[in-house]
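Hi,

Here is the structure I said I would pass on. Have a look at it first, and then read my notes underneath.

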Amino acid sequence: MLRPSTSIPRRGRGPLWRDPSVRALFFQALLLVTVLGIIAFLVHNTMANLDARGIRTGFGFLDHRAGFSISQTLIDYSSNASTYGRTFLVGLANTLLVSAMGIVAATIIGFLVGLARLSPNWLLARLAGAYVEIFRNIPLLLQILFWYFAVLRALPSPRQSITVFDSFFLNVRGLVMPAPETLPGFAATPIALGVAIIAVIALVILARRRQAATGAQWPVLPLSLVILIGLPLAVFLVTGSPLSWSVPALSGFNFRGGMQVLPELVALWVALSIYTAAFIAEIVRSGIQSVPRGQTEAARSLSLPGGLTLRRIVIPQAMRVMVPQVTSQYLNLIKNSSLATAIGYPDLVAVFAGTTLNQTGQAIEVMTMTMLVYLSISLVVSALMNVYNARMSLKER
């Protein structure tokens with residue numbers, strides 16, 4: 001009787017060491033013990049060397065006062081009272097902000113450029129091809145420096161700002177715009193928005209079940225927009241519009257009031273988005289071209305419009321090919337955001353693995369925490385994209 005070559009034969013009569021399964025377990029246990037022993041030796045040797053040089057270890061430094069300022073903070077932070085643990089959270093928030101903004105922008109630009117590359121319009125297709133060849137072949141660091149030093153640092157001073165509607169001011173210090181200020185009673189509006197999101201999810205599920213049962217379709221998109229916009233807006237008006245705006249005004253050599261977007265954030269965001277979009281565009285182009293032409297020809301024979309054919313037939317099939325490659329680009333964008341150090345954007349690497357490390361000297365703890373953060377973010381993004389990929393994959397019986 002034949003059996004697969006990968007299967008482990010059962011132990012017969014004879015010495016224990018002749019049993020293949022026992023030998024396999026023994027060598028795996030031996031390998032595990034060896035690896036743990038090497039790790040333990042490295043850790044012990046490192047700790048001994050640190051003690052010999054009088055270098056403190058541990059995470060107690062996170063409770064010490066930081067004593068330095070950060071140019072952009074999404075959470076409460078004070079250079080006089082905040083701790084190094086707070087600087088870690090500030091840097092993490094800034095990293096997540098630029099990564100999320102970059103992923104959204106790169107996805108939109110990449111899809112548009114990828115579709116433009118397949119356009120029958122000769123000029124549009126060539127412009128899209130030139131975009132891809134230019135931006136994906138220039139190092140990202142050079143692009144970040146270009147947008148920061150050659151474009152944004154060349155803007156006028158605050159007194160000669162480029163003004164739009166006397167409310168938006170663009171100058172060498174960044175973009176200054178009106179900032180919303182909440183008043184008592186505003187908390188009901190975000191709650192209404194959360195309820196609207198849950199209602200839209202329920203609507204989509206019900207619409208899919210109805211379509212599967214009866215074949216009838218509901219106008220999900222218009223209904224969803226009405227719910228998402230109408231419900232929070234109605235609650236906002238009923239509660240008396242509890243929101244005011246802080247309009248920036250020039251005072252001395254700078255603007256007072258409003259909200260300022262740092263030029264470092266803009267330069268990093270633009271460079272990351274344009275650079276990653278060039279790769280996503282090629283992924284979109286190859287994904288669409290992987291769909292058999294017979295699918296498009298069959299749709300044309302049924303007189304389906306081009307947009308409907310692309311949205312309902314081509315893109316859903318192409319997504320099964322594109323999702324794994326797009327996931328890799330998202331992870332690259334998140335990791336490339338650490339280049340913010342080159343222009344001084346206060347991300348996790350600059351604030352925590354830079355300033356905090358230099359002040360505390362806790363190199364192992366700081367670098368370990370920084371690496372674990374990037375590892376965790378990448379694993380979370382991969383897990384979410386894998387879930388989406390599983391939903392988009394072809395279901396076979």
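One thing up front: this is a predicted model. What caught my eye to begin with is a nonpolar patch on the surface, about 910 Å². Leu 193, Ile 197, Ile 201, Ile 205, Leu 221, Leu 225, Leu 228, Ile 229, Leu 233 and Leu 237 make it up. If you want to find it on screen, go to helix H5 (188–214) and helix H6 (220–238), the elements that each give two or more residues to the patch. H6 has the largest share, with 6 residues.

Take Leu 225 as an example from that patch; this leucine sits in helix H6. Is Leu 225 exposed or only partly exposed? Its relative accessibility is 44%, so Leu 225 counts as partly exposed, given that the partly exposed class runs between 20% and 50%.

Now for the strands. There is an open sheet of 4 strands, with antiparallel pairing, and the order across the sheet is S1-S2-S3-S8. At the edges you have strand S1 (162–164) and strand S8 (259–261), each of them pairing on one side only. From one strand to the next, the twist averages 20°.

Within the sheet, I also looked at how S2 and S3 go together. Strand S2 (residues 168–171) and strand S3 (residues 174–177) run antiparallel and are joined by 3 bridges. To get your bearings there, look for Phe 169, which stands opposite Val 176 in S3.

That's it from me.

Cheers

Technical notes
Residues are numbered from 1 along each chain as its sequence is written. This is a predicted model: local features need pLDDT of at least 70, side-chain atom pairs count only at pLDDT 80 or more; totals for chains, interfaces and linings use all residues. Side-chain values use heavy atoms; hydrogens and water are left out. Two strands pair if DSSP finds at least two bridges between them. Axes are lines fitted to C-alpha atoms, for helices over the stretch in contact, and angles run from 0 to 180 degrees between N-to-C directions. Patches are made of residues with over 30% relative accessible area and no salt bridge: like charges are joined within 9 Å, nonpolar side chains (Val, Leu, Ile, Met, Phe, Trp, Tyr) within 5 Å. Accessible areas come from the Shrake-Rupley method with a 1.4 Å probe; for residues, only the protein chains shown count as cover. A salt bridge is a side-chain nitrogen of Lys or Arg within 4 Å of a carboxyl oxygen of Asp or Glu. Buried means under 20% relative accessible area, exposed over 50%, partly exposed in between (1.4 Å probe, protein chains only).
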